[in-house]
Amino acid sequence: MRSRLEEGSGTMAGAMLVMVVAVALAVAACAGNLLICQHKARSMADLIAFQSAYALWWAESDPCALAHDQADVNGVRLTACSLNDEDVLVTVAVSTMVPFVPQIEQSSRAGPVSCEERPMSS
């Protein structure tokens with residue numbers, strides 16, 4: 001009689017194991033997507049800030065207009081651009097595929113560095 005009460009328990013254990021593995025894979029995929037988007041946002045912020053600072057230095061064009069164009073070309077969204085003396089400060093946002101973190105923002109600053117600001121190498 002006891003063996004009849006335990007019929008199907010292996011099926012339930014298997015189903016629970018499949019659910020646990022599915023949740024673990026979903027969490028790993030979300031974490032991977034967030035890391036990739038964070039890296040892309042950091043790289044694009046650095047690149048756009050450098051290009052804009054270069055344009056400002058050589059007075060080729062409006063640095064923030066160039067930053068906006070570069071963000072569009074690279075598939076990111078420029079959320080802020082400002083000038084601070086000869087420095088260009090930009091913030092870009094990258095859309096993620098994670099429902100509870102819709103975007104990741106990263107900021108970067110670029111501009112010339114005077115010789116007095118550089119640390120002395122030994």
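**Warm-up: a definition to keep at hand**

A residue is called buried under 20% relative accessible area, exposed over 50%, and partly exposed in between. With that, Asp46, at a relative accessible area of 35%, is partly exposed. Keep in mind throughout that this is a predicted model.

**Exercise 1. Work out which secondary structure elements the protein chain has, and in what order they come.**

Solution. Start with the count: the protein chain has three helices and three strands. Then follow the sequence, which gives the pattern α-α-α-β-β-β. Finally, turn to burial: of the 122 residues in the chain, 23% are buried.

**Exercise 2. Find the salt bridge that Asp46 forms, and place both partners in helix 2.**

Solution. Begin with a general idea: side chains of opposite charge can pair when their charged atoms come close. A salt bridge needs a side-chain nitrogen of Lys or Arg within 4 Å of a carboxyl oxygen of Asp or Glu. Asp46 and Arg42 satisfy this, with their closest N and O atoms 3.6 Å apart.

Next, look at the spacing. The two residues, Asp46 and Arg42, sit four residues apart in helix 2, so about one helical turn separates them. The general rule behind this is that an α-helix has 3.6 residues a turn, so residues three or four places apart point the same way.

Last, check accessibility. Arg42 has a relative accessible area of 34% and is therefore partly exposed, and Asp46, at 35%, is partly exposed too.

**Exercise 3. Determine how many salt bridges there are in total, and describe the one that involves Arg109.**

Solution. The count comes to two salt bridges. Arg109 pairs with Asp87, and their closest N and O atoms are 3.2 Å apart. This pair ties together distant parts of the chain: Arg109 belongs to strand 3 (residues 101-110) and Asp87 to strand 2 (residues 87-98), 22 residues apart.

Now apply the accessibility cut-offs to each partner. Arg109 has 58% relative accessibility, so Arg109 counts as exposed. Asp87 has 14%, so Asp87 counts as buried.

Arg109 also takes part in another spatial relation: its C-alpha atom is separated by 9.6 Å from that of Ser82, 27 residues away along the chain. Ser82 lies in strand 1 and, at 33% relative accessibility, counts as partly exposed.

**Exercise 4. Locate the disulfide and give its handedness.**

Solution. The count comes to one disulfide. Its members are Cys64 and Cys81, with sulfur atoms 2.2 Å apart; the cut-off to compare with is 2.5 Å. The torsion about their S-S bond is about -85°, so the disulfide is left-handed. The pair links distant parts of the chain, Cys64 in helix 3 (residues 63-73) and Cys81 in strand 1 (residues 77-84), 17 residues apart.

Then classify some cysteines by accessibility. Cys81 is partly exposed at 25%, and Cys30 is partly exposed at 24%. Cys37, at 7%, counts as buried.

**Exercise 5. Decide which residues of helix 3 are buried, and where they lie around its axis.**

Solution. The buried residues to consider in helix 3 are Pro63, Ala67 and Ala71. They span an arc of only 75° around the axis, which puts them on the same side of helix 3. On the face turned away from that buried side, you will find the exposed residues Asp72 and Val73.

**Exercise 6. Identify the aromatic pair and the nonpolar surface patch.**

Solution. Searching the whole structure gives one aromatic pair. Tyr54 and Trp58 form this pair, with 6.3 Å from centre to centre and 55° between the planes, which is a tilted arrangement. Tyr54 has a relative accessible area of 44% and so is partly exposed, while Trp58 is found in the loop between helix 2 (9-57) and helix 3.

Now widen the view. Phe50, Tyr54, Trp57 and Trp58 form a nonpolar patch on the surface, and together they have about 530 Å² of accessible area.

**Exercise 7. Explain what stands out in the backbone of Asp85.**

Solution. Recall that most residues other than glycine have a negative phi. Asp85 is not a glycine, yet its phi is positive, at about 60°. Asp85 lies in the loop between strand 1 and strand 2. With a relative accessible area of 74%, Asp85 is exposed.

How values were computed:
Residues are numbered from 1 along each chain as its sequence is written. This is a predicted model: local features need pLDDT of at least 70, side-chain atom pairs count only at pLDDT 80 or more; totals for chains, interfaces and linings use all residues. Side-chain values use heavy atoms; hydrogens and water are left out. Buried means under 20% relative accessible area, exposed over 50%, partly exposed in between (1.4 Å probe, protein chains only). Rings of Phe, Tyr and Trp (its six-membered ring) pair if their centres lie within 6.5 Å; planes under 30 degrees apart count as stacked, over 60 as edge-to-face and the rest as tilted. Patches are made of residues with over 30% relative accessible area and no salt bridge: like charges are joined within 9 Å, nonpolar side chains (Val, Leu, Ile, Met, Phe, Trp, Tyr) within 5 Å. Accessible areas come from the Shrake-Rupley method with a 1.4 Å probe; for residues, only the protein chains shown count as cover. The arc is that of the directions from the helix axis to the C-beta atoms.
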